[in-house]
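Let's take a walk through this structure, stopping at its ligands, its salt bridges and one of its strands. Have the 3D view open as you read.

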Amino acid sequence: MNVHDSEQMAAILAGSGYKLTENIRFADLILVNTCSIRDKAAQKVYSALGRLVKIKEKSPELIIGVGGCLAQHLGTKFHKKFIHLDFVFGTHNIHRLPQLIAAVKEKREKITEIDFYKSINSIGVFTPPQNGAVSAFVTIMQGCNNFCAYCVVPFLRGPEMSRPPDDILEEIKKLADYGIKEVILLGQNVNSYGKTLENGMNIAALIKKIGKNSGIERIRFTTSHPRDLSDELIRCFAEEEKLCDHIHLPVQSGSNRILALMNRSYTAEEYMKKVDHLRKSNPRISITSDIIVGFPGETQIEYQETIDMMEKIRFDSTFSFKYSERKGTGAQKLEGKIEDCEKLKRLKQLQLLQDQHTLEKNIALEDTRQKILIEGRSKNSENDLMGRTSSWKIVNFNGESELIGKLVDVKISKAYLHSLRGKMINKEADSVD
Ligand code: 5AD
Ligand code: SF4
(Lines give C-alpha, C1' and ligand atoms only; values in the text may rest on other atoms or scores of the structure.)
(Ligands and ions follow the chains in the order given, each with its own letter.)
Protein backbone atom coordinates (compact mmCIF):
# COMPACT_ATOMS: atom_id res chain seq x y z
CA MET A 1 0.00 0.00 0.00
CA ASN A 2 2.82 2.38 0.84
CA VAL A 3 4.57 1.60 -2.45
CA HIS A 4 1.41 2.53 -4.28
CA ASP A 5 0.96 5.71 -2.20
CA SER A 6 4.49 6.71 -3.28
CA GLU A 7 3.58 6.03 -6.91
CA GLN A 8 0.54 8.26 -6.49
CA MET A 9 2.68 11.04 -4.99
CA ALA A 10 5.02 10.85 -7.98
CA ALA A 11 2.06 10.92 -10.39
CA ILE A 12 0.51 13.97 -8.69
CA LEU A 13 3.82 15.82 -8.67
CA ALA A 14 4.44 15.00 -12.33
CA GLY A 15 1.44 17.29 -12.91
CA SER A 16 3.42 20.12 -11.27
CA GLY A 17 6.47 19.48 -13.45
CA TYR A 18 8.46 17.29 -11.03
CA LYS A 19 10.39 14.27 -12.33
CA LEU A 20 11.77 11.36 -10.31
CA THR A 21 15.54 11.26 -9.89
CA GLU A 22 17.72 8.28 -9.09
CA ASN A 23 20.28 10.49 -7.36
CA ILE A 24 19.17 12.16 -4.16
CA ARG A 25 21.76 14.94 -4.64
CA PHE A 26 19.93 16.17 -7.75
CA ALA A 27 16.61 16.44 -5.89
CA ASP A 28 14.79 19.76 -5.41
CA LEU A 29 12.19 18.00 -3.30
CA ILE A 30 12.50 14.91 -1.10
CA LEU A 31 9.43 13.13 0.23
CA VAL A 32 9.78 10.48 2.90
CA ASN A 33 6.77 8.17 2.89
CA THR A 34 6.60 6.56 6.29
CA CYS A 35 5.18 3.40 7.86
CA SER A 36 4.44 2.98 11.53
CA ILE A 37 3.07 -0.56 11.71
CA ARG A 38 5.95 -1.69 13.94
CA ASP A 39 8.55 0.28 15.87
CA LYS A 40 11.34 -0.87 13.53
CA ALA A 41 9.64 0.94 10.61
CA ALA A 42 9.46 4.14 12.66
CA GLN A 43 13.13 3.88 13.67
CA LYS A 44 14.12 3.54 9.99
CA VAL A 45 12.37 6.83 9.25
CA TYR A 46 14.26 8.65 11.99
CA SER A 47 17.61 7.49 10.71
CA ALA A 48 16.69 8.31 7.10
CA LEU A 49 15.68 11.83 8.14
CA GLY A 50 18.89 12.21 10.12
CA ARG A 51 20.83 11.55 6.88
CA LEU A 52 18.70 13.97 4.86
CA VAL A 53 19.31 16.82 7.27
CA LYS A 54 22.98 16.72 6.27
CA ILE A 55 22.05 17.20 2.61
CA LYS A 56 19.73 20.06 3.46
CA GLU A 57 22.45 21.82 5.44
CA LYS A 58 24.47 22.02 2.22
CA SER A 59 21.52 23.05 0.00
CA PRO A 60 19.02 25.10 1.98
CA GLU A 61 16.69 25.51 -1.05
CA LEU A 62 15.90 21.80 -0.91
CA ILE A 63 12.34 21.06 0.29
CA ILE A 64 11.79 18.03 2.55
CA GLY A 65 8.33 16.64 3.31
CA VAL A 66 7.24 13.67 5.40
CA GLY A 67 4.03 11.76 4.70
CA GLY A 68 2.35 8.46 5.54
CA CYS A 69 1.34 6.78 8.78
CA LEU A 70 4.11 8.07 11.05
CA ALA A 71 3.47 11.62 9.80
CA GLN A 72 -0.23 11.13 10.53
CA HIS A 73 0.66 9.94 14.02
CA LEU A 74 3.22 12.59 14.98
CA GLY A 75 1.84 15.61 13.09
CA THR A 76 3.48 18.84 14.30
CA LYS A 77 5.74 16.87 16.66
CA PHE A 78 7.73 15.87 13.57
CA HIS A 79 8.80 19.51 13.13
CA LYS A 80 10.08 19.62 16.70
CA LYS A 81 12.05 16.41 16.19
CA PHE A 82 13.52 17.51 12.84
CA ILE A 83 13.82 21.28 12.49
CA HIS A 84 14.92 20.94 8.85
CA LEU A 85 11.57 19.52 7.79
CA ASP A 86 9.44 21.81 5.61
CA PHE A 87 6.12 20.01 5.71
CA VAL A 88 4.23 17.07 7.16
CA PHE A 89 1.25 15.53 5.36
CA GLY A 90 -1.11 12.78 6.49
CA THR A 91 -2.49 9.66 4.85
CA HIS A 92 -5.56 11.49 3.47
CA ASN A 93 -3.65 14.51 2.17
CA ILE A 94 -1.61 13.15 -0.72
CA HIS A 95 -3.81 14.94 -3.27
CA ARG A 96 -2.90 18.26 -1.58
CA LEU A 97 0.83 17.92 -2.27
CA PRO A 98 1.03 20.60 -5.02
CA GLN A 99 -0.68 23.18 -2.78
CA LEU A 100 1.45 22.28 0.23
CA ILE A 101 4.66 22.58 -1.76
CA ALA A 102 3.53 25.89 -3.26
CA ALA A 103 2.81 27.21 0.23
CA VAL A 104 6.25 26.12 1.47
CA LYS A 105 7.92 27.83 -1.50
CA GLU A 106 5.93 31.03 -1.04
CA LYS A 107 6.25 31.46 2.68
CA ARG A 108 9.07 29.09 3.65
CA GLU A 109 7.12 28.29 6.79
CA LYS A 110 6.60 24.95 8.49
CA ILE A 111 3.38 23.30 7.36
CA THR A 112 1.41 20.38 8.80
CA GLU A 113 -1.71 18.96 7.16
CA ILE A 114 -3.12 15.76 8.59
CA ASP A 115 -6.92 16.21 8.37
CA PHE A 116 -9.06 13.19 7.60
CA TYR A 117 -11.63 13.55 4.84
CA LYS A 118 -15.10 12.01 4.76
CA SER A 119 -14.80 10.98 1.13
CA ILE A 120 -12.10 9.29 -0.85
CA ASN A 121 -10.05 11.94 -2.56
CA SER A 122 -6.47 11.07 -1.86
CA ILE A 123 -6.66 7.78 -3.72
CA GLY A 124 -7.54 6.96 -7.27
CA VAL A 125 -5.20 9.49 -8.86
CA PHE A 126 -4.27 7.75 -12.10
CA THR A 127 -0.68 6.58 -11.92
CA PRO A 128 0.74 5.95 -15.38
CA PRO A 129 2.80 2.77 -15.14
CA GLN A 130 6.57 2.90 -15.54
CA ASN A 131 7.82 1.90 -18.98
CA GLY A 132 7.77 -1.88 -19.32
CA ALA A 133 5.65 -2.47 -16.18
CA VAL A 134 3.45 -5.55 -16.36
CA SER A 135 1.61 -5.36 -13.06
CA ALA A 136 -0.08 -2.41 -11.32
CA PHE A 137 -1.67 -1.68 -7.96
CA VAL A 138 -5.21 -0.35 -7.89
CA THR A 139 -6.59 0.99 -4.62
CA ILE A 140 -10.19 -0.11 -4.15
CA MET A 141 -10.69 1.12 -0.60
CA GLN A 142 -8.94 2.95 2.19
CA GLY A 143 -9.00 2.76 5.97
CA CYS A 144 -10.06 -0.02 8.31
CA ASN A 145 -12.81 -0.46 10.94
CA ASN A 146 -11.46 -3.59 12.56
CA PHE A 147 -9.33 -2.31 15.42
CA CYS A 148 -7.28 -5.45 15.89
CA ALA A 149 -5.78 -4.91 19.35
CA TYR A 150 -2.14 -4.67 18.13
CA CYS A 151 -2.72 -2.45 15.10
CA VAL A 152 -2.40 1.31 14.50
CA VAL A 153 -3.87 1.30 11.00
CA PRO A 154 -7.48 2.25 11.90
CA PHE A 155 -6.15 5.25 13.86
CA LEU A 156 -3.82 6.42 11.11
CA ARG A 157 -5.73 5.62 7.92
CA GLY A 158 -9.22 6.38 9.20
CA PRO A 159 -12.50 4.52 8.72
CA GLU A 160 -13.17 2.16 5.84
CA MET A 161 -14.25 3.81 2.58
CA SER A 162 -14.78 1.99 -0.72
CA ARG A 163 -14.20 3.45 -4.14
CA PRO A 164 -17.09 3.28 -6.63
CA PRO A 165 -16.72 0.27 -8.96
CA ASP A 166 -17.03 2.37 -12.11
CA ASP A 167 -14.04 4.51 -11.10
CA ILE A 168 -12.03 1.35 -10.43
CA LEU A 169 -13.01 -0.19 -13.75
CA GLU A 170 -12.17 2.97 -15.65
CA GLU A 171 -8.71 3.04 -14.05
CA ILE A 172 -8.09 -0.62 -14.86
CA LYS A 173 -9.13 -0.18 -18.50
CA LYS A 174 -6.70 2.73 -18.77
CA LEU A 175 -3.95 0.57 -17.26
CA ALA A 176 -4.73 -2.17 -19.80
CA ASP A 177 -4.35 0.44 -22.58
CA TYR A 178 -0.85 1.13 -21.22
CA GLY A 179 -0.04 -2.59 -21.58
CA ILE A 180 -0.62 -3.66 -17.97
CA LYS A 181 -1.52 -7.36 -17.76
CA GLU A 182 -2.10 -7.83 -14.03
CA VAL A 183 -3.82 -5.73 -11.37
CA ILE A 184 -3.42 -6.07 -7.61
CA LEU A 185 -6.51 -4.70 -5.89
CA LEU A 186 -5.48 -2.97 -2.67
CA GLY A 187 -7.17 -2.32 0.64
CA GLN A 188 -6.62 -3.01 4.35
CA ASN A 189 -9.52 -5.44 4.31
CA VAL A 190 -10.69 -5.89 0.73
CA ASN A 191 -13.24 -8.50 1.85
CA SER A 192 -15.42 -5.76 3.24
CA TYR A 193 -15.24 -3.83 -0.05
CA GLY A 194 -18.60 -2.26 -0.92
CA LYS A 195 -20.00 -1.93 2.59
CA THR A 196 -19.84 1.86 2.39
CA LEU A 197 -21.38 1.93 -1.10
CA GLU A 198 -25.11 2.05 -1.78
CA ASN A 199 -25.22 -0.29 -4.76
CA GLY A 200 -24.77 -3.61 -2.92
CA MET A 201 -21.34 -4.14 -4.45
CA ASN A 202 -18.89 -6.62 -2.92
CA ILE A 203 -15.39 -7.86 -3.76
CA ALA A 204 -16.62 -10.99 -5.60
CA ALA A 205 -18.90 -8.91 -7.83
CA LEU A 206 -16.06 -6.44 -8.44
CA ILE A 207 -13.68 -9.23 -9.47
CA LYS A 208 -16.29 -10.64 -11.89
CA LYS A 209 -16.83 -7.18 -13.39
CA ILE A 210 -13.08 -6.63 -13.86
CA GLY A 211 -12.66 -10.14 -15.31
CA LYS A 212 -15.32 -9.52 -17.91
CA ASN A 213 -14.83 -5.90 -18.88
CA SER A 214 -11.31 -4.64 -18.48
CA GLY A 215 -8.90 -6.38 -20.87
CA ILE A 216 -6.70 -7.46 -17.93
CA GLU A 217 -5.24 -10.99 -17.85
CA ARG A 218 -4.67 -11.51 -14.14
CA ILE A 219 -6.40 -10.24 -10.99
CA ARG A 220 -4.98 -10.41 -7.48
CA PHE A 221 -6.12 -8.75 -4.26
CA THR A 222 -4.68 -8.02 -0.85
CA THR A 223 -5.32 -8.06 2.11
CA SER A 224 -8.14 -10.29 3.30
CA HIS A 225 -9.62 -10.57 6.78
CA PRO A 226 -10.57 -14.23 7.40
CA ARG A 227 -13.85 -13.27 9.09
CA ASP A 228 -15.11 -11.48 5.98
CA LEU A 229 -13.97 -14.08 3.43
CA SER A 230 -17.32 -14.99 1.87
CA ASP A 231 -18.39 -18.24 0.18
CA GLU A 232 -19.02 -16.19 -2.94
CA LEU A 233 -15.41 -14.99 -2.99
CA ILE A 234 -14.12 -18.51 -2.30
CA ARG A 235 -16.15 -19.72 -5.32
CA CYS A 236 -14.45 -17.06 -7.47
CA PHE A 237 -11.19 -18.99 -7.06
CA ALA A 238 -12.87 -21.89 -8.88
CA GLU A 239 -14.92 -19.96 -11.40
CA GLU A 240 -13.14 -16.74 -12.30
CA GLU A 241 -10.47 -17.61 -14.81
CA LYS A 242 -8.57 -14.35 -14.36
CA LEU A 243 -8.45 -14.49 -10.58
CA CYS A 244 -5.01 -15.88 -9.65
CA ASP A 245 -4.49 -19.06 -7.59
CA HIS A 246 -3.28 -17.20 -4.51
CA ILE A 247 -4.74 -15.69 -1.38
CA HIS A 248 -2.95 -13.83 1.37
CA LEU A 249 -5.00 -14.58 4.46
CA PRO A 250 -3.40 -13.29 7.68
CA VAL A 251 -4.09 -15.65 10.60
CA GLN A 252 -1.90 -13.87 13.22
CA SER A 253 -2.09 -16.72 15.80
CA GLY A 254 -3.20 -20.33 16.21
CA SER A 255 -4.41 -19.84 19.79
CA ASN A 256 -8.08 -19.04 20.36
CA ARG A 257 -7.36 -17.10 23.55
CA ILE A 258 -4.78 -14.92 21.77
CA LEU A 259 -7.04 -14.46 18.74
CA ALA A 260 -9.80 -13.22 21.06
CA LEU A 261 -7.39 -10.84 22.82
CA MET A 262 -6.27 -9.64 19.40
CA ASN A 263 -9.94 -8.89 18.59
CA ARG A 264 -9.73 -10.93 15.38
CA SER A 265 -13.29 -12.35 15.72
CA TYR A 266 -12.57 -15.86 14.41
CA THR A 267 -11.23 -19.02 15.99
CA ALA A 268 -8.38 -21.20 14.77
CA GLU A 269 -10.96 -23.84 13.79
CA GLU A 270 -12.97 -21.33 11.76
CA TYR A 271 -9.80 -20.21 10.02
CA MET A 272 -8.84 -23.78 9.16
CA LYS A 273 -12.33 -24.42 7.79
CA LYS A 274 -11.90 -21.45 5.42
CA VAL A 275 -8.54 -22.86 4.31
CA ASP A 276 -10.19 -26.24 3.60
CA HIS A 277 -12.96 -24.57 1.71
CA LEU A 278 -10.46 -22.56 -0.38
CA ARG A 279 -8.47 -25.68 -1.23
CA LYS A 280 -11.62 -27.57 -2.20
CA SER A 281 -12.68 -24.69 -4.38
CA ASN A 282 -9.27 -24.51 -6.09
CA PRO A 283 -6.75 -27.28 -5.34
CA ARG A 284 -3.95 -25.24 -6.96
CA ILE A 285 -4.41 -22.27 -4.63
CA SER A 286 -1.40 -21.09 -2.67
CA ILE A 287 -2.15 -19.68 0.75
CA THR A 288 0.15 -17.20 2.46
CA SER A 289 -0.30 -15.55 5.82
CA ASP A 290 0.89 -13.10 8.49
CA ILE A 291 1.77 -14.28 11.99
CA ILE A 292 2.66 -12.32 15.13
CA VAL A 293 4.64 -13.98 17.90
CA GLY A 294 4.96 -12.77 21.49
CA PHE A 295 1.62 -10.98 21.75
CA PRO A 296 1.18 -9.90 25.41
CA GLY A 297 0.48 -12.92 27.59
CA GLU A 298 1.25 -15.50 24.86
CA THR A 299 2.35 -18.60 26.75
CA GLN A 300 4.71 -21.22 25.38
CA ILE A 301 1.69 -23.51 24.94
CA GLU A 302 -0.21 -20.84 22.99
CA TYR A 303 2.81 -20.21 20.80
CA GLN A 304 2.98 -23.96 20.21
CA GLU A 305 -0.67 -23.82 19.06
CA THR A 306 0.44 -21.47 16.28
CA ILE A 307 3.21 -23.90 15.32
CA ASP A 308 0.74 -26.82 15.38
CA MET A 309 -1.62 -24.89 13.15
CA MET A 310 1.20 -24.18 10.69
CA GLU A 311 2.01 -27.90 10.63
CA LYS A 312 -1.61 -28.68 9.79
CA ILE A 313 -2.14 -25.94 7.21
CA ARG A 314 1.31 -25.80 5.60
CA PHE A 315 1.30 -22.26 4.24
CA ASP A 316 3.14 -21.55 1.00
CA SER A 317 4.87 -18.71 2.82
CA THR A 318 4.31 -16.37 5.75
CA PHE A 319 5.38 -12.94 6.89
CA SER A 320 6.08 -13.26 10.59
CA PHE A 321 6.74 -10.56 13.14
CA LYS A 322 7.66 -10.03 16.75
CA TYR A 323 4.79 -8.21 18.47
CA SER A 324 5.64 -4.51 18.58
CA GLU A 325 3.81 -2.29 21.04
CA ARG A 326 2.06 0.67 19.39
CA LYS A 327 0.80 3.71 21.29
CA GLY A 328 -2.97 4.02 21.66
CA THR A 329 -3.78 0.44 20.61
CA GLY A 330 -5.85 -1.93 22.80
CA ALA A 331 -2.93 -4.32 23.31
CA GLN A 332 -0.79 -1.59 24.87
CA LYS A 333 -2.83 -1.94 28.06
CA LEU A 334 -2.47 -5.71 28.27
CA GLU A 335 -0.35 -7.39 30.92
CA GLY A 336 2.28 -10.05 30.37
CA LYS A 337 4.63 -8.35 27.93
CA ILE A 338 7.10 -10.87 26.51
CA GLU A 339 10.85 -10.21 26.62
CA ASP A 340 12.42 -9.36 23.27
CA CYS A 341 14.86 -12.29 23.38
CA GLU A 342 11.96 -14.72 23.92
CA LYS A 343 10.02 -13.16 21.01
CA LEU A 344 13.11 -13.50 18.83
CA LYS A 345 13.54 -17.16 19.82
CA ARG A 346 9.91 -17.91 18.92
CA LEU A 347 10.18 -15.99 15.66
CA LYS A 348 13.33 -17.79 14.53
CA GLN A 349 11.89 -21.23 15.29
CA LEU A 350 8.69 -20.35 13.43
CA GLN A 351 10.61 -19.05 10.41
CA LEU A 352 12.73 -22.22 10.22
CA LEU A 353 9.55 -24.30 10.14
CA GLN A 354 8.04 -22.04 7.49
CA ASP A 355 11.16 -22.42 5.34
CA GLN A 356 10.67 -26.19 5.42
CA HIS A 357 7.04 -25.83 4.36
CA THR A 358 7.84 -23.29 1.64
CA LEU A 359 10.50 -25.54 0.16
CA GLU A 360 8.18 -28.55 0.36
CA LYS A 361 5.43 -26.60 -1.47
CA ASN A 362 7.91 -25.45 -4.12
CA ILE A 363 9.29 -28.97 -4.65
CA ALA A 364 5.73 -30.17 -5.27
CA LEU A 365 5.76 -27.93 -8.36
CA GLU A 366 8.78 -29.66 -9.94
CA ASP A 367 7.91 -31.21 -13.32
CA THR A 368 4.59 -29.34 -13.49
CA ARG A 369 3.65 -26.97 -16.29
CA GLN A 370 2.91 -23.43 -15.12
CA LYS A 371 1.61 -20.35 -16.89
CA ILE A 372 4.05 -17.53 -16.20
CA LEU A 373 3.49 -13.81 -16.61
CA ILE A 374 6.93 -12.48 -17.52
CA GLU A 375 7.77 -9.37 -15.49
CA GLY A 376 11.28 -8.61 -16.71
CA ARG A 377 14.84 -9.82 -16.88
CA SER A 378 16.06 -11.90 -13.97
CA LYS A 379 18.31 -10.21 -11.40
CA ASN A 380 20.43 -13.34 -11.08
CA SER A 381 21.48 -14.05 -14.64
CA GLU A 382 21.78 -12.01 -17.84
CA ASN A 383 20.24 -14.74 -19.98
CA ASP A 384 17.19 -15.28 -17.82
CA LEU A 385 13.73 -13.84 -17.62
CA MET A 386 11.76 -13.59 -14.40
CA GLY A 387 8.04 -14.12 -14.04
CA ARG A 388 5.43 -15.41 -11.63
CA THR A 389 3.12 -18.37 -11.52
CA SER A 390 -0.54 -17.70 -10.91
CA SER A 391 0.24 -18.85 -7.36
CA TRP A 392 2.70 -15.90 -6.95
CA LYS A 393 5.94 -17.90 -7.08
CA ILE A 394 8.96 -16.45 -8.81
CA VAL A 395 10.25 -18.47 -11.77
CA ASN A 396 13.53 -17.85 -13.63
CA PHE A 397 14.09 -19.27 -17.10
CA ASN A 398 15.97 -18.66 -20.33
CA GLY A 399 14.34 -16.27 -22.80
CA GLU A 400 14.44 -13.09 -24.89
CA SER A 401 13.38 -9.63 -23.68
CA GLU A 402 10.63 -9.35 -26.33
CA LEU A 403 8.65 -11.80 -24.22
CA ILE A 404 8.35 -9.41 -21.25
CA GLY A 405 4.65 -8.86 -20.52
CA LYS A 406 3.62 -12.12 -22.20
CA LEU A 407 2.02 -15.17 -20.61
CA VAL A 408 4.06 -18.26 -21.47
CA ASP A 409 4.08 -21.93 -20.44
CA VAL A 410 7.08 -23.08 -18.44
CA LYS A 411 8.00 -26.53 -17.18
CA ILE A 412 9.41 -26.29 -13.64
CA SER A 413 12.74 -28.10 -13.42
CA LYS A 414 14.06 -27.19 -9.96
CA ALA A 415 12.63 -25.75 -6.74
CA TYR A 416 14.53 -23.50 -4.33
CA LEU A 417 13.37 -21.78 -1.16
CA HIS A 418 12.72 -18.39 -2.75
CA SER A 419 12.24 -19.21 -6.42
CA LEU A 420 11.75 -21.88 -9.07
CA ARG A 421 13.79 -22.63 -12.17
CA GLY A 422 12.10 -23.70 -15.39
CA LYS A 423 12.20 -24.09 -19.15
CA MET A 424 9.84 -22.41 -21.54
CA ILE A 425 7.60 -24.76 -23.49
CA ASN A 426 5.96 -22.43 -25.99
CA LYS A 427 6.72 -18.79 -26.63
CA GLU A 428 3.14 -17.56 -26.99
CA ALA A 429 0.39 -18.52 -24.56
CA ASP A 430 -2.04 -18.48 -27.51
CA SER A 431 -0.26 -21.34 -29.21
CA VAL A 432 -0.38 -23.55 -26.13
CA ASP A 433 -3.09 -26.21 -25.92
N1 5AD B 1 3.34 -5.79 15.92
C2 5AD B 1 3.74 -6.79 15.09
N3 5AD B 1 3.17 -7.04 13.91
C4 5AD B 1 2.14 -6.25 13.53
N5 5AD B 1 1.36 -6.26 12.44
C6 5AD B 1 0.48 -5.26 12.53
N7 5AD B 1 0.64 -4.59 13.68
C8 5AD B 1 1.68 -5.20 14.34
C9 5AD B 1 2.31 -4.98 15.58
N10 5AD B 1 1.94 -4.01 16.40
C11 5AD B 1 1.51 -7.26 11.38
C12 5AD B 1 0.24 -8.11 11.22
C13 5AD B 1 -0.35 -7.59 9.95
C14 5AD B 1 0.89 -7.17 9.17
C15 5AD B 1 0.67 -6.22 8.07
O16 5AD B 1 1.71 -6.58 10.15
O17 5AD B 1 0.64 -9.46 11.07
O18 5AD B 1 -1.12 -8.56 9.25
FE1 SF4 C 1 -4.87 -3.62 11.21
FE2 SF4 C 1 -6.67 -5.53 11.72
FE3 SF4 C 1 -7.29 -3.51 10.08
FE4 SF4 C 1 -5.52 -5.37 9.26
S5 SF4 C 1 -7.71 -5.72 9.72
S6 SF4 C 1 -5.33 -3.12 9.07
S7 SF4 C 1 -4.49 -5.86 11.18
S8 SF4 C 1 -6.85 -3.34 12.26
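A backbone N or O atom of Ser 324 sits 2.8 Å from a nitrogen atom of ligand 1 in this predicted model. Side chains join in too: an N or O atom in the side chain of Gln 252 is 2.7 Å from an oxygen atom of the ligand, and one in the side chain of Asp 290 is 2.6 Å from an oxygen atom of ligand 1. How much of ligand 1 does the protein cover? On its own the ligand has 400 Å² of accessible area, and the protein covers 87% of that. Two elements, β11 (286–293) and β12 (317–322), each give two or more residues to the shell. Besides the three residues already named, the surroundings include Ile 37, Arg 38, Tyr 150 and Phe 321. Sorted by class, the shell around ligand 1 has five nonpolar, two polar and four charged residues.

Now turn to ligand 2. Among its neighbours are Cys 144, Cys 148 and Cys 151, along with Gln 188, His 225 and Arg 264. Tyr 150 appears here, and it is also listed around ligand 1. The shell of ligand 2 splits into seven nonpolar residues, three polar ones and one charged one.

Next, the salt bridges. Side chains of opposite charge can pair when their charged atoms come close. The structure holds 23 salt bridges. Take Glu 113 and Arg 96, whose side chains meet with N to O at 2.8 Å. Glu 113 belongs to strand β4 (residues 111–113), while Arg 96 is in the loop between β3 (87–89) and α5 (97–107), so the partners are distant parts of the chain, 17 residues apart. Glu 113 counts as buried because its relative accessibility is 10%, under the 20% cut-off, whereas Arg 96, at 25%, counts as partly exposed.

Asp 245 and Arg 284 make another salt bridge, at 3.2 Å from N to O. Asp 245 is in the loop between α9 (231–239) and β10 (246–248), and Arg 284 is in the loop between α11 (268–281) and β11, so their pairing ties together parts 39 residues apart in sequence. Buried or exposed, what are Asp 245 and Arg 284? Asp 245 is buried at 11% relative accessibility, but Arg 284 is exposed at 55%.

Then there's Asp 409 with Lys 371, where the closest N and O atoms are 3.6 Å apart. This salt bridge ties strand β16 (residues 407–415) to strand β13 (residues 369–377), because Asp 409 lies in the former and Lys 371 in the latter. Asp 409 is buried, at 5% relative accessibility, and Lys 371 is partly exposed, at 35%. Elsewhere, Glu 298, Glu 342, Lys 345 and Arg 346 are linked in a salt-bridge network.

Strand β13 leads us to β14: a hairpin joins the two through six residues. They pair in the antiparallel sense over four bridges, and Leu 373 has Arg 388 as its bridge partner in β14. On the other side of the story, β14 pairs with strand β15 (residues 394–398), again antiparallel, over five bridges. Asp 384 has Asn 398 as its bridge partner there. Five residues lie between the strands in the β14 and β15 hairpin, and one of them to look for is Trp 392, with a positive phi near 85 degrees.

Why is β14 described as largely enclosed by the rest of the structure? Five of its five residues (384–388) are buried. In a regular strand the side chains alternate between the two faces of the sheet. Here Asp 384, Met 386 and Arg 388 point one way, Leu 385 and Gly 387 point the other way, and all are buried.

Methods. Residues are numbered from 1 along each chain as its sequence is written. Chains are lettered from A and ligands numbered from 1 in the order in which they are written. This is a predicted model: local features need pLDDT of at least 70, side-chain atom pairs count only at pLDDT 80 or more; totals for chains, interfaces and linings use all residues. Side-chain values use heavy atoms; hydrogens and water are left out. A residue is near a molecule or strand if one of its heavy atoms lies within 4 Å of it. A polar contact is a pair of N or O atoms within 3.5 Å; within protein, one must be able to donate a hydrogen and the other to accept it, and residues adjacent in sequence count only if both atoms are side-chain atoms. Accessible areas come from the Shrake-Rupley method with a 1.4 Å probe; for residues, only the protein chains shown count as cover. Ala, Val, Leu, Ile, Met, Phe, Trp, Tyr, Cys and Pro count as nonpolar, Asp, Glu, Lys and Arg as charged, and the others, Gly among them, as polar. A salt bridge is a side-chain nitrogen of Lys or Arg within 4 Å of a carboxyl oxygen of Asp or Glu. Buried means under 20% relative accessible area, exposed over 50%, partly exposed in between (1.4 Å probe, protein chains only). Two strands pair if DSSP finds at least two bridges between them.
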